[in-house]
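Trainee: I'd like to go through the aromatic rings and then one of the helices. Can we take it step by step?

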Amino acid sequence: MIEFHTLLPHISLRPYIKMYFWGRDANPPEVQRIVPNGEMGLWFYRGNKVEYGGKGEVQSCLSGQPVSFLDISSRGEIEIVGAHFTVLGACLFFRNINGAFGEFINITDSDDRELKDLEEQVALAKSYADCWTVMEAFFLKRLTTTDVDILNLRRLHRAISYGQRHLAEARIDDIAMEACLSRRHFGRLFSELVGLSPKDFLRLRRYHKTLSDIKTNRSGMSITEIAWRNGYYDFSHLSSDFRKISGYSPSCLLHVSENDHDEIGWRI
């Protein structure tokens, strides 16, 4: 983005929403690639619609949990405003997010009347600050009416924290045990509240951690050594995962990646 701004949400929303964001690019590249990171987002494109490769034009959407890249293109300027959720944040505001697995849910096709009203308010807002104001009112209202089981939410939070601390050697059985749940129950609950399987979540986290380590490598370690330290069996395993998630080999990804300072970290 040529212009990009963020804002922290109300303190009561911060466990669930990382930030509100706004960006505008008057002359975007022909194609931009989005890479999943295991966290959901709510996106509104003000003005021009955006073409999501193979999924048609989108004006606004709730980003689900794909496990591979998506190429987007637009006709002219892109202006986007939205919210970036924490791993477990979206489930407090939207029901049945497991149905969003691998998808970007077009708000136009949603049966959520209040979300459609929010889309209209964002489209009519005079500035991105006004957009953030109506979005925050929407989320604060929903926070008071959520019916998510807080005990299960805390269990998953503890399990996710454990998995991220032990990313290189984390096993699903160990993470489930951290949540005091059977593997089967844990997997079902995780998919229901995160919108992604535990295995795929760890894959995405491992990918982003490894890419970050490669970019910031100042100790002279080889990519193979970094891969091994992050839980990949060898370079071949890393290369295969990088291609599936980003569409690029590790060397090509380092060449084309431009998201070092992107606070959201979706784009390449």
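Mentor: Sure, and a term to start with: buried means under 20% relative accessible area. Keep in mind that this is a predicted model.

Trainee: How many aromatic pairs are there in the whole structure?

Mentor: A pair of rings is described by the distance of the centres and the angle of the planes. Searching the whole structure on that footing, the number of aromatic pairs comes to 17.

Trainee: Take phenylalanine 85 and phenylalanine 94: what kind of aromatic pair do they form?

Mentor: Their centres are 5.9 Å apart, with 80° between the planes. Both phenylalanine 85 and phenylalanine 94 are buried. Planes over 60 degrees apart put a pair in one class, so for phenylalanine 85 and phenylalanine 94 the answer is edge-to-face.

Trainee: Which residues form one aromatic cluster?

Mentor: Phe85 and Phe94 both belong to it. The full membership of the cluster is Tyr16, Tyr20, Phe85, Phe93, Phe94, Phe138 and Phe139.

Trainee: And tyrosine 232 with phenylalanine 242: how many residues apart are they?

Mentor: They form an edge-to-face pair, 6.4 Å centre to centre with 75° between the planes. Tyrosine 232 is in the loop between α7 (223–229) and α8 (235–246), while phenylalanine 242 is in helix α8. The pair links distant parts of the chain, and the separation is 10 residues.

Trainee: Is tyrosine 232 buried or exposed?

Mentor: Buried is anything under 20%. Tyrosine 232 has 1% relative accessibility, so it counts as buried.

Trainee: Which residue has its charged end over the ring of tyrosine 232?

Mentor: For another case of this kind, the charged end of arginine 33 sits over the ring of phenylalanine 69, 4.0 Å from its centre. Over the ring of tyrosine 232, 6.0 Å from its centre, sits the charged end of arginine 206.

Trainee: On to helix α1: how far apart are its end C-alpha atoms?

Mentor: Helix α1 covers residues 113–124, which is 12 residues. At 1.5 Å a residue it should span 16 Å. The model agrees with that, because the end C-alpha atoms are apart by 17 Å.

Trainee: What arc do the buried residues of α1 cover around the axis?

Mentor: The buried ones are Leu115, Leu118, Glu119 and Val122. They are on the same side of α1, because their arc around the axis is only 105°.

Trainee: Which residue caps the N-terminal end of α1?

Mentor: Look for a side-chain oxygen 3.3 Å from the backbone nitrogen of glutamate 114. That oxygen belongs to the capping residue, aspartate 112.

Key. Residues are numbered from 1 along each chain as its sequence is written. This is a predicted model: local features need pLDDT of at least 70, side-chain atom pairs count only at pLDDT 80 or more; totals for chains, interfaces and linings use all residues. Side-chain values use heavy atoms; hydrogens and water are left out. Rings of Phe, Tyr and Trp (its six-membered ring) pair if their centres lie within 6.5 Å; planes under 30 degrees apart count as stacked, over 60 as edge-to-face and the rest as tilted. Buried means under 20% relative accessible area, exposed over 50%, partly exposed in between (1.4 Å probe, protein chains only). Helices (H or I, at least four residues) and strands (E, at least two) are DSSP runs, numbered from the N terminus. A charge sits over a ring if NZ of Lys or CZ of Arg is within 6 Å of the ring centre and within 35 degrees of the ring normal. The expected span of a helix is 1.5 Å times one less than its number of residues. The arc is that of the directions from the helix axis to the C-beta atoms. A polar contact is a pair of N or O atoms within 3.5 Å; within protein, one must be able to donate a hydrogen and the other to accept it, and residues adjacent in sequence count only if both atoms are side-chain atoms.
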